[in-house]
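Got the viewer open and a hand on the mouse? Here is a short walk through the model, one selection at a time.

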Amino acid sequence: MLRLRTLTAMFLSAFAIVTALTGYATYHASRSAIVSLVDRRIDAVADALLDDVAPGDATAILRRIAAFSSRRDSGDIGFELEDAAGRRLGGNVTLTRSLRPGFSDVTPQDGITGLSAGRAEARLVGGGMTLITVAETEPIDGYDAIRVRNYLIGFGLIAAVVLAGTATFGLVVRRRIEATRTTALAIIDGDLSRRVPVAPNGGVFAAQAETINHMLDRIAMLVDGLHHVANDVAHDLRTPLARLRSRLTVAADHAPSAELDAAIDQCDELLAIFSAILRIAEIDTGDRRGAFGHVALDDLVTEMVETLTAIAEDGGQRLVAGPLPATGIAGDRQLLSQALFNLVENALNHTPPGTVVTVSLAVDSGELWLRVADNGPGIATADMAVARRRFGRLEASRHRPGHGLGLPIVDAIARLHGGRLVLEDARPGLSAALVLPIRS
């Protein structure tokens, strides 16, 4: 979709073009009207001058010109009579050039004293002679420039009003969009109580904000209900499971058996699942954000690699540290450590012996990429969404025991820090990256 700024620029460009064309058309139309009126007047004056004059009678024509020139209302009318060779025979004006028969423009370059702009008609009057009648099209000097200036001011004011209105409208729309965007970002960060501001004077924007807020109220209610259900189920089941495990442990101490040991392991697995569910719910509330502090991720990665190297070697794998630029962010060190542990554990648990798991840091476009990549079998691109989903299991390639909550916990931790979890094909293997904004 086009950006608001682009749409505004396109509208203003179209308006400027239309305004310029309208101004030119208006100027041209008014000038054409003036020219038409002057031409009709010239034609009428020439008809009156030649009325009852015999064709080719130069003396009568010059006498009529002299009589007409003496009238008080003829100051803007001029005549010149020329012979067949174009020589001046007489008149009250003198032109420096010959004119074609019909109407034409005259300018100060034609040498007529006091004329700034006008029209002339060259008419054959018999005997090879030509009568040239000249009239001004401007009542005062510079009238055409004044008319152009008036058009520029008038249409310029219209353009200014439209520009101001468009800028004001754009500012209002931008503020409304920014308010909605700010609310959306706050909700993404976990603050489900945020709402879009509603303008007190009403209008379509206020109605839209109220509709969005009603939708957010409904979503918050549903999410809160899901959280309560998950928490209640986890709490209510964890306690009896813990008691069951305790009794099984006592029974196994008195009468050890493989069946009791397997039952205890199953209890431990279920308790781990409920603990993970409660952990995700705790992270999603965003309460831990208030305890954020500076975390040096390069030191965190170094410590994690040193801690888990022995575990990787026991499984026949190799855990190495890639490039680790000194980078710090604002975050929860304990949660970030858990996210990194989950990513490394996921890579070690689901790759065969001989696999190399690399942990690295990189900075790209204001974001920090904490990446755990392996050169194992990897997973299909279509299955990556399943791997991120809670309880998502890929039995075809992830056949080892697990509850499918490791990556969802990492995803929740990433969202808490304003980031995201990115799964990519490492060609070969899988790359799992915790992408975080750099905020000190």
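Start by selecting A85, which sits in the loop between β1 and β2. Buried or exposed, what would you call A85? It is exposed, with a relative accessible area of 56%. While you are there, add S98 to the selection: the C-alpha atoms of A85 and S98 are separated by 9.9 Å, with the two positions 13 residues apart along the chain. Bear in mind throughout that this is a predicted model.

**Zoom out for a moment**

Show the whole chain as a cartoon. There are nine helices and 12 strands to find your way around. Colour by burial and 36% of the 440 residues come up as buried. If you draw contacts with a separation of 6 or more, 59% of them join residues 24 or more positions apart.

**The five-stranded sheet**

Now select the strands on either side of that first loop and their partners. You get an open sheet of five strands, in the order β2-β1-β5-β4-β3, with antiparallel pairing. At its edges are β2 (88-91) and β3 (102-106), each of which pairs on one side only. Look along the sheet: neighbouring strands are turned by 25° against each other on average, ignoring direction.

Next, pick β3 together with β4, residues 118-126. These two pair in the antiparallel sense over five bridges. To see the register, label G102, which stands opposite A122 in β4, and then F103, which stands opposite E121 in β4.

Stay on β4 and turn to its other partner. With β5, β4 pairs in the antiparallel sense over eight bridges. One of the residues to label is G118, whose bridge partner in β5 is E136. Follow the hairpin of β4 and β5 round its turn, where two residues lie between the strands, and you will find G127 with a positive phi near 65°. Before leaving, put a surface on everything else: seven of the nine residues of β4 are buried, so this strand is largely enclosed by the rest of the structure.

**The helix on the sheet**

Which helix packs on the sheet? Select α2, residues 58-69, which touches β1 (77-82), β2, β4 and β5 (129-136). The direction of α2 makes about 165° with that of β1. For a check on its geometry, take the distance between the end C-alpha atoms of α2: they are 16 Å apart, which agrees with the 16 Å expected for 12 residues at 1.5 Å a residue.

Now show side chains on α2. A60, I61, I65 and F68 are buried. They cover an arc of only 140° around the axis, which puts them on the same side of α2. Spin to the other side of α2 and you meet T59 and R63, both exposed. That kind of spacing is familiar: an α-helix has 3.6 residues a turn, so residues three or four places apart point the same way.

**The largest core**

Fly over to the largest nonpolar core, which has 38 residues; L297, L336 and V359 touch the most other members. Several elements each supply at least two residues of this core, including α6 (297-314), α7 (333-349), β9 (356-364) and β12 (430-437). α7 gives the most, with eight residues.

Centre on L336 and show its surroundings. Leaving aside neighbours within four places in sequence, L336 is in contact with V295, L297, L300, I329, G331, I413, H417, L434 and L436. Apart from this core lies another, of 17 residues, among them V53, I65, F68 and A135. You have already met I65 and F68 as buried residues of α2.

**Last stop: α7 and α9**

Select N342, in helix α7. N342 is buried, with a relative accessible area of 10%. Not counting residues up to four places away in sequence, N342 touches G406, I409 and V410.

Let those contacts lead you to α9 (406-416). Nine of the 11 residues of α9 are buried, so this helix is largely enclosed by the rest of the structure. Among the buried ones are I409, V410, D411 and I413. To finish, step just past the end of α9 to G418, which takes a positive phi of about 75°.

Definitions and conventions:
Residues are numbered from 1 along each chain as its sequence is written. This is a predicted model: local features need pLDDT of at least 70, side-chain atom pairs count only at pLDDT 80 or more; totals for chains, interfaces and linings use all residues. Side-chain values use heavy atoms; hydrogens and water are left out. Two strands pair if DSSP finds at least two bridges between them. Helices (H or I, at least four residues) and strands (E, at least two) are DSSP runs, numbered from the N terminus. Axes are lines fitted to C-alpha atoms, for helices over the stretch in contact, and angles run from 0 to 180 degrees between N-to-C directions. Contact means heavy atoms within 4.5 Å. A nonpolar core is a set of buried Ala, Val, Leu, Ile, Met, Phe, Trp, Tyr and Cys residues joined through side-chain atoms within 4.5 Å. Buried means under 20% relative accessible area, exposed over 50%, partly exposed in between (1.4 Å probe, protein chains only). The expected span of a helix is 1.5 Å times one less than its number of residues. The arc is that of the directions from the helix axis to the C-beta atoms.
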